Amino acid sequence: MAQAQEFEKVLSSSDTSVAAFDEHKSAVKRIQHFLHSTPAAVPLIVLVLAIIIFGITIGGRFFSSYTLTLILQQIAIVGILGAAQTLVILTAGIDLSIGVIMVISAVIMGNCAVSYGMPAVLAVAIGLAAGAACGLLNGVLVAYMKLPPFIVTLGTWNIVMATNFIYSANETIRDTDVDTQAPLLHLFALSFKVGTAVLTLGVIATVVLVLILWYVLNHTAWGRHVYAVGDDQEAAKLSGIQTKKVLMTVYTLAGLIAAFAAWVSIGRNGSISPSAAVTDYNLQAITATVIGGISLFGGRGSILGTLFGAMIVGVVSMGLNMLGADPQWKVLLTGVLIIGAVAIDQWIRKVSA
């Protein structure tokens with residue numbers, strides 16, 4: 001066997017450890033990484049700060065169970081619509097028709113139960129199916145026709161709103177008629193006490209829905225696919241994800257959730273009014289979603305943040321009302337929160353750049 005060369009002897013005694021680069025992160029970088037890995041942290045911090053500020057300014061009245069109950073009841077519908085909007089925005093899309101899908105679903109439920117005399121259970125099922133069908137139409141146009149989500153849902157917003165007025169003849173179904181002929185439609189108006197607080201089933205339904213969607217998005221393959229499609233649709237497709245199927249299910253589910261919000265809204269409002277289509281429910285849902293830290297670029301955010309975002313708007317609105325401030329201050333602060341949320345999102349996204 002040949003003897004080792006002199007340079008080989010030197011190599012055998014040399015250091016074989018792999019070079020390591022010890023990166024010392026600043027406090028700002030650590031905060032940035034924490035917020036990147038915990039998307040719901042920012043809206044939660046803002047929510048706590050808002051509660052503290054209004055609590056100090058207003059005093060003990062703001063922390064009363066009555067105030068808490070009122071805030072939760074006010075955000076129930078927006079919270080559900082925000083959950084639907086969150087699913088769409090996570091795929092880097094947007095659904096401008098969410099609000100009118102809710103209204104037409106409520107009108108269909110009311111007419112089927114009150115005007116046509118159908119069993120309330122069947123009326124609810126038809127209303128839910130109508131909402132899902134509207135979402136399915138959006139999904140087909142976005143996933144298979146490859147049309148931009150903004151344009152598609154802007155178009156369906158007009159179509160659904162016009163259909164709503166034509167179908168209903170803009171006639172309101174009265175609270176007493178619903179209560180007499182289809183009390184099931186008022187199910188989510190039922191209330192119960194938790195200590196001194198009075199909660200409605202609508203509030204409970206909102207929280208339960210968000211928790212279910214949080215689990216699905218974080219602990220199922222479908223949820224991971226939703227995030228992957230939003231992060232990079234082409235890369236997701238190359239990795240074997242059926243992107244068209246994911247988009248179809250997301251938009252259909254968003255429509256179904258909007259129809260569920262219709263059922264909750266009937267309990268909240270009592271009567272069923274087609275003219276509610278002109279209410280800015282969709283804008284409120286997008287506001288809650290953006291303030292909640294869901295990235296408009298897709299692929300990042302937690303649906304829990306959407307719930308916190310809705311609560312932030314509710315707390316700010318209630319706090320300003322209790323202070324007797326001009327209502328326009330609410331609009332101004334909401335605008336500031338939206339711009340701030342997008343700016344923070346851009347700052348956080350630099351971590352993954």
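**Exercise 1. Are helices α10 and α12 roughly parallel or roughly perpendicular to each other?**

Work this one out on the predicted model above.

*Solution.*
Step 1. A good start is the pair of values used for such a question: two packed helices are described by the angle between their axes and the distance between the axes.
Step 2. Here, α10 and α12 pack at an angle of about 105°, and their axes are 10 Å apart.
Step 3. Angles from 65 to 115 degrees count as roughly perpendicular, so α10 and α12 are roughly perpendicular to each other.
Step 4. To see the packing in residues, look at W222, H225, V226 and V229 on the α10 side. Their partners in α12 are T243, V246, L247, T249, V250 and L253.

**Exercise 2. Find the buried residues of α10 and work out how they are placed around the axis.**

*Solution.*
Step 1. Helix α10 covers residues 221–231, and its buried residues are G223, V226, Y227, V229 and G230.
Step 2. These buried residues cover an arc of only 160° around the axis, which puts them on the same side of α10.
Step 3. Helix geometry helps here: an α-helix has 3.6 residues a turn, so residues three or four places apart point the same way.
Step 4. Now ask what the buried residues of α10 pack against: the partners are α4 (65–90), α9 (201–219), α11 (233–238) and α12 (243–269).

**Exercise 3. Decide whether Q85 is buried or exposed, and list its contacts beyond its sequence neighbours.**

*Solution.*
Step 1. Locate Q85 first: this residue is found in helix α4.
Step 2. With a relative accessibility of 0%, Q85 counts as buried.
Step 3. Set aside the neighbours within four places in sequence, and Q85 is in contact with I94, D95, I98, N282, I286 and T289.
Step 4. For a long-range pair, take Q85 and I303: they are 218 residues apart along the chain, yet 9.8 Å separates their C-alpha atoms.

**Exercise 4. How many disulfides does the structure hold, and how far is the sulfur of C112 from the closest cysteine sulfur?**

*Solution.*
Step 1. The count is zero disulfides.
Step 2. For C112, the closest cysteine sulfur is that of C134, at 14 Å, which is too far for a bond. The cut-off for a disulfide is a pair of cysteine sulfur atoms within 2.5 Å.
Step 3. Taken from the other end, C134 is in no disulfide either, with the sulfur of C112 as its nearest at 14 Å.
Step 4. Check the surroundings too: C112 counts as buried at 4% relative accessibility, and C134 counts as buried at 17%.

**Exercise 5. Examine the backbone at A92 and N170: where do they lie, and what is their phi?**

*Solution.*
Step 1. A92 is not a glycine, but has a positive phi of about 70°. Its place is in the loop between α4 and α5 (98–115).
Step 2. N170, also not a glycine, has a positive phi of about 55°. N170 lies in the loop between α7 (149–168) and α8 (175–181).
Step 3. Finish with accessibility: A92 is partly exposed at 41% relative accessible area, and N170 is partly exposed at 43%.

**Exercise 6. Take two spans that UniProt lists as "transmembrane region", 40–63 and 329–348, and describe their helix content.**

*Solution.*
Step 1. The unreviewed UniProt entry places this feature at several spans, including 40–63 and 329–348.
Step 2. Residues 40–63 are 75% helix and 0% strand, with the end C-alpha atoms 23 Å apart.
Step 3. Residues 329–348 are 100% helix and 0% strand, and their end C-alpha atoms are 28 Å apart.

Key. Residues are numbered from 1 along each chain as its sequence is written. This is a predicted model: local features need pLDDT of at least 70, side-chain atom pairs count only at pLDDT 80 or more; totals for chains, interfaces and linings use all residues. Side-chain values use heavy atoms; hydrogens and water are left out. Buried means under 20% relative accessible area, exposed over 50%, partly exposed in between (1.4 Å probe, protein chains only). Helices (H or I, at least four residues) and strands (E, at least two) are DSSP runs, numbered from the N terminus. The arc is that of the directions from the helix axis to the C-beta atoms. Contact means heavy atoms within 4.5 Å. UniProt positions are given in the numbering used here, feature names are shortened, and annotations may be inferred rather than shown by experiment. Axes are lines fitted to C-alpha atoms, for helices over the stretch in contact, and angles run from 0 to 180 degrees between N-to-C directions. Angles under 35 degrees count as roughly parallel, over 145 as roughly antiparallel, 65 to 115 as roughly perpendicular and the rest as oblique.
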